[in-house]
Amino acid sequence: GDGCGHTVLGPESGTLASINYPQTSPNSTVCEWEIRVKPGQRVQLRFGDFDIDDSDSCHSSYLRVHNGIGPTRTEIGKYCGFGFQMDGLITSKSNEVTVQFMSGIHTSGRGFLAAYSTTDKSDLITCLDNASHFSEPEFNKYCPAGCVIPFADISGTIPHGYRDSSSLCMAGVHAGVVSNTLGGQINVVISKGIPYYEGSLANNVTSKVGPLSTSLFTFKTSGCYGTLGMESGVIPDSQITASSILEWPGQTGQVNIWKPENARLKRVGPPWAASISNEHQWLQIDLNKEKRITGIITTGSTLADHYYYVSAYRILYSDDAQKWTVYREPGMDKDKIFQGNTELYQEVRNNFIPPILARFFRINPLKWQQKIAMKVELLGCQFSIARAPKITMPPPPPPQNKNDDFSEDFIHSVKTLLQTDKTTFTPEIKNTTVTPSVTKDVALAAVLVPVLVMVFTTLILILVCAWHWRKRKKKTEGTYDLPYWDRAGWWKGMKQFLPSKSAEHEETPVRYSSSEISHLRPREVPTMLQTESAEYAQPLVGGIVGTLHQRSTFKPEEGKESSYADLDPYNSPLQEVYHAYAEPLPITGPEYATPIIMDMSSHPSTPLGVPSISTFKAAGSQAPPLAGAHHKLLSRTEGTSSARALYDTPKGQPGPGAAQELVYQVPQSVAQAAGSKE
């Protein structure tokens, strides 16, 4: 009738719509669809949109569904109404259904759009469903045939995904997961949207550029969509041939040859072009062995000065390059015509559903712009034939006169069967697509790249660890530690330049029991002692401490203070650390220094009236403070025989008038002698 709109009736599914849908259907029109599926199956019908005028109670405008076809059909239902919601499925009782649409006099009403399939497709959807209609993050649905409709839009492409407002089934056709002629199952995955959706042309569906959306969807596929080697060069030039080659002289007199090996996608330079533009030209690719081919991508010349491209073509394939088969969709009796390019730059993809299994592949241009010129890439994956089990020939029966003819027939039949087996399964052809040099380079790169990465990673880790170790070492070095150049290990090499100890004067290291430093930690003691000692003794040699490996002139106090002795590093037998400023005793001198008696009354710098005092404190007594008096020690004499001039002027003494008490400990061995002199 004259009321039929978009219609695709497939063997298992299809789509039908009223005329002018989704606009208002015209008055006084009629259309009738007869749907048949395989015997033994039933038909189910789902409406995607239904908007038919019901002002006259379905008298002149309505949709009627019947069981069967012809005069014997029976009515299932009659429907009308504006915005009529029919969530369920209408199911037939046989494998044949008749759908009748009548449009009377009306002023509004879009008509309807419906999809059908066999009843085993329980998850049937229509061409109008999009991802926002479903809340599951992943789901399976069945798309009917005929979902490439002019009134639906999609945005996006594979592998980035499609905008959630896009038609699921139309996007599935664009992605190459279902056929517009056959329909099919889709596995949809929902994920977070992206700010921008690209547009492209694929499988006669144009995807538009789309803006930001909250979500997008992609499809799960078999994964057999890799490139087969045109762009990468895995397919050598010798395996790319053509019916003719365009040759023409350039402006410089050089001959330009647009050879078939130039027909590599994204390769810079001219494409392949035929010398004669007619429907008998072809471009042939030898894949070297049988492979599964799932798609093809084409472009034009990609040269602005040469506006050439192929707009439509056929596909032929063969196993021996002798007998060729034209590609047709299942159930169709016509060759499939693929849509090519609409300009010379854009990449256009077409998928083969089902895939092509062949070794030789031909492109036969049917329409073109000015000249036949193109670049291509094939999509697919490896395909291996399962070998049949070998047939073991049973031993022939023993010769008998009656069965001689039977034995000969049996042996002949087995030989024939073996011969058939050999010719049925073609031997596997060794893949020589990758040249030996390329193979060696790939193997070498596969070994060197991980090794180099490991070496550089190890070097970086070593540098980082060294930096952290040095930083930690600086942090752990205490404020009171001896500097590196002043530690005992460095001075051991200086023994030969310093005065040697006499064996007869061996004694234990001196232990200072000052209450002022008893609370210090072991690491603080050496610095404290050096600071205090520096006020009363000058180094023997300027710039170098000259008292190493010598005994102090101070005698330890009676008894032992556990609080200091336990922490005193000077009493450790493992580390010899000596007072840095104590003067060594003469080798022939007494064990302890003789007390120095200062006659302050006769000293020229001493005020009159000050009595002679000792610079040593008597054991067990506290020296009285000297207020307003300042005492200087006598300078050390050059000789070591004198027992009276063993101490020098205190280092850094502020001079007369300082309020600092000068107190020395009286040696124990001369305590009585000092007392008698006083």
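**Aromatic pairs, a nonpolar core and a buried serine**

Tyr 313 comes out as buried, its relative accessible area being just 1% (buried means under 20% relative accessible area, exposed over 50%, and partly exposed in between, with a 1.4 Å probe and protein chains only). The model is a predicted one, so local features need pLDDT of at least 70 and side-chain atom pairs count only at pLDDT 80 or more, while totals for chains, interfaces and linings use all residues. Residues are numbered from 1 along each chain as its sequence is written, and side-chain values use heavy atoms, with hydrogens and water left out.

On to the rings. The structure holds 17 aromatic pairs (rings of Phe, Tyr and Trp, the last by its six-membered ring, pair if their centres lie within 6.5 Å; planes under 30 degrees apart count as stacked, over 60 as edge-to-face and the rest as tilted). One of them joins Phe 101 and Phe 112, a tilted pair with 5.7 Å centre to centre and 55° between the planes. Phe 101 belongs to strand β8 and Phe 112 to strand β9 (residues 111-118), 11 residues apart; strands are DSSP runs of E, at least two residues long, numbered from the N terminus. Both Phe 101 and Phe 112 are buried, and they share one aromatic cluster with Trp 33, Phe 47 and Phe 50.

Tyr 313 and Phe 338 give a stacked pair, because their ring centres are 5.8 Å apart and their planes at 15°. With Tyr 313 in strand β23 and Phe 338 in strand β25 (residues 338-339), the pair ties together parts that are 25 residues apart in sequence. Phe 338 is buried too, at a relative accessible area of 1%.

As for the largest nonpolar core (buried Ala, Val, Leu, Ile, Met, Phe, Trp, Tyr and Cys residues joined through side-chain atoms within 4.5 Å), it has 27 residues, of which Ile 315, Phe 352, Phe 361 and Ile 363 touch the most other members. Elements giving two or more residues to this core include β23 (309-318) and β26 (348-369). Leaving aside neighbours within four places in sequence, Ile 363 is in contact with residues including Trp 282, Tyr 313, Ile 315 and Val 376 (contact means heavy atoms within 4.5 Å).

Back in strand β8 (residues 96-103) sits Ser 103, which counts as buried at 4% relative accessibility. The side chain of Ser 103 reaches the backbone oxygen of Pro 26 at 2.7 Å. Not counting residues up to four places away in sequence, Ser 103 touches Ser 25, Pro 26, Asn 27, Ser 28, Thr 29, Ser 60 and Ser 61.

Conventions. Helix = DSSP H or I, 4+ residues; strand = E, 2+ residues; numbered from the N terminus. Polar contact = N/O pair within 3.5 Å; in protein donor to acceptor, adjacent residues only side chain to side chain.
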